[in-house]
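Work through the exercises below with the sequence and the 3D view open. Try each task before you read its solution.

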Amino acid sequence: MYDYKTKSKSVSSTFRLILTAVIGGLLAAVASVGAGAVEMSPAAKAVVDYDKSGAVPKTKYRIAYLTECVDNPYCLARLAGLKAAAAKYGFEFKIFDANFSPATQAKVVENAVTEGFDGYLFGPAAAQPGCGLYNLLLKPTGKPVVSIDIAMCGDPDYTPGLAATLTMQGPAHFNDFLDHAFGSCTGNCKVAAVGGFVGSDLFTYWENAIKAAAAKHPNVKVLVDEPANFDPRIALKKIQDALLAHPDIDIVVSSWDDMSRGVEQAIIAAGKTPGKDVKVFSGGATKVGVDKVKAGLWSFTHAYLPYQEAYYGAAALMMALEGKPINAYIDEALLPEIVNTTGTVFITKDNADKYAPNY
């Protein structure tokens, strides 16, 4: 590149201005790569625009929050998002907690329908039982239903009839996660994996994604694949055992940042350095996870947006109650919290400073 600063005496002021503008434009273009690489989907834009418009319903609506959980960090962050939406839009809500049990959820959904609400924010405890509850109990009420967390009824994302669906941990998200993690291997790699609860939809998505990534990347061999129930203590024990049996493991994938804390402890206990001897790929992009990435201990943490899931889910429900239903799928990876910051759900050391986790 021509160094116009050292040759300033021979370059006209006009040319200097033009060159400066060109360089500035190039730098701006480079800086925008990532944050401008994706755009909000039409459905995401519709609910975000509605939220930004300042519209407040004239009616004080009553909402039933049919959730699979309320007592772990993810679900607590989601509850915080719902509370923020309630404060903004002026609605009341009542919690019906299934505690991850489809049988319990069947009872509480029946109770909610009996009580009668203006709308329902529905986090299925499991996809197929949730589909049955939607079709048999919720849909017949004629009230709008927004589903969150997982898709239902064998649909890849949106189930027709719902006012909206918002997810961040579907099959496509986990496939992308594992593809990126396995794709980072430049030679031959040995992998250990820890996931959630056996039998849950999320664990099934995770397992299928591991198989797909292993088939796509034959240089990567999965030596250990275990459930750890989203518990750092269980993850610690599983990875300790894995490293004892296979000291050549050089990649660990974990679907949740809390489990990854246990993974990191196990690596250190084995006399190895996280991020150097063993790469850690995690999910959540929690405050702890992002800090670990910044410190170089984890290679990436894949962003989940529980707060926004409930907040924008509630906004979509308000739109439906006001006669403006979206009737579509919102991929949370295309919400402004990603699009306007990193432009990617993969939070790495290179972009972590742009991302602000809220849980």
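The lining of the second largest pocket holds 9 nonpolar, 5 polar and 3 charged residues. Here Ala, Val, Leu, Ile, Met, Phe, Trp, Tyr, Cys and Pro count as nonpolar, Asp, Glu, Lys and Arg as charged, and the others, Gly among them, as polar. The model is predicted: local features need pLDDT of at least 70, side-chain atom pairs count only at pLDDT 80 or more, and totals for chains, interfaces and linings use all residues. Residues are numbered from 1 along each chain as its sequence is written, and side-chain values use heavy atoms, with hydrogens and water left out.

**Exercise 1. Describe the second largest pocket.**

Step 1. Fix the term. On a 1 Å grid over the protein atoms alone, a pocket is an open set of points with protein on both sides within 12 Å along at least five of seven lines; lining residues have an atom within 4 Å of a point.

Step 2. Take the volume, the space filled by probe spheres set on the points, which are joined across faces, edges and corners. It is about 210 Å³ for the second largest pocket.

Step 3. Find the centre. Of 17 lining residues, Ala-151, Asp-155, Pro-156, Asp-157 and Pro-171 lie nearest to it.

Step 4. Find the main contributor. Helix H6 gives the largest share, 3 residues. Helices (H or I, at least four residues) and strands (E, at least two) are DSSP runs, numbered from the N terminus.

**Exercise 2. Describe the lining of the largest cavity.**

Step 1. A cavity is a set of grid points where a 1.4 Å probe fits but cannot get out. The structure holds 1 cavity of 30 Å³ or more.

Step 2. The largest cavity has a volume of about 40 Å³.

Step 3. Its lining includes Phe-174, Phe-197 and Trp-206. Helix H7 gives the most, with 3 residues.

Step 4. By class, the lining has 6 nonpolar, 4 polar and no charged residues.

**Exercise 3. Trace the open sheet and explain its edges.**

Step 1. Two strands pair if DSSP finds at least two bridges between them. The 6 strands run in the order E7-E6-E8-E9-E10-E12, with mixed pairing.

Step 2. Strands E7 (220-227) and E12 (346-347) each have a single partner strand, so one side of each is left without a neighbour in the sheet.

Step 3. Strand E6 (residues 189-195) runs parallel to E7, joined by 7 bridges. Cys-189 has Val-220 as its bridge partner in E7.
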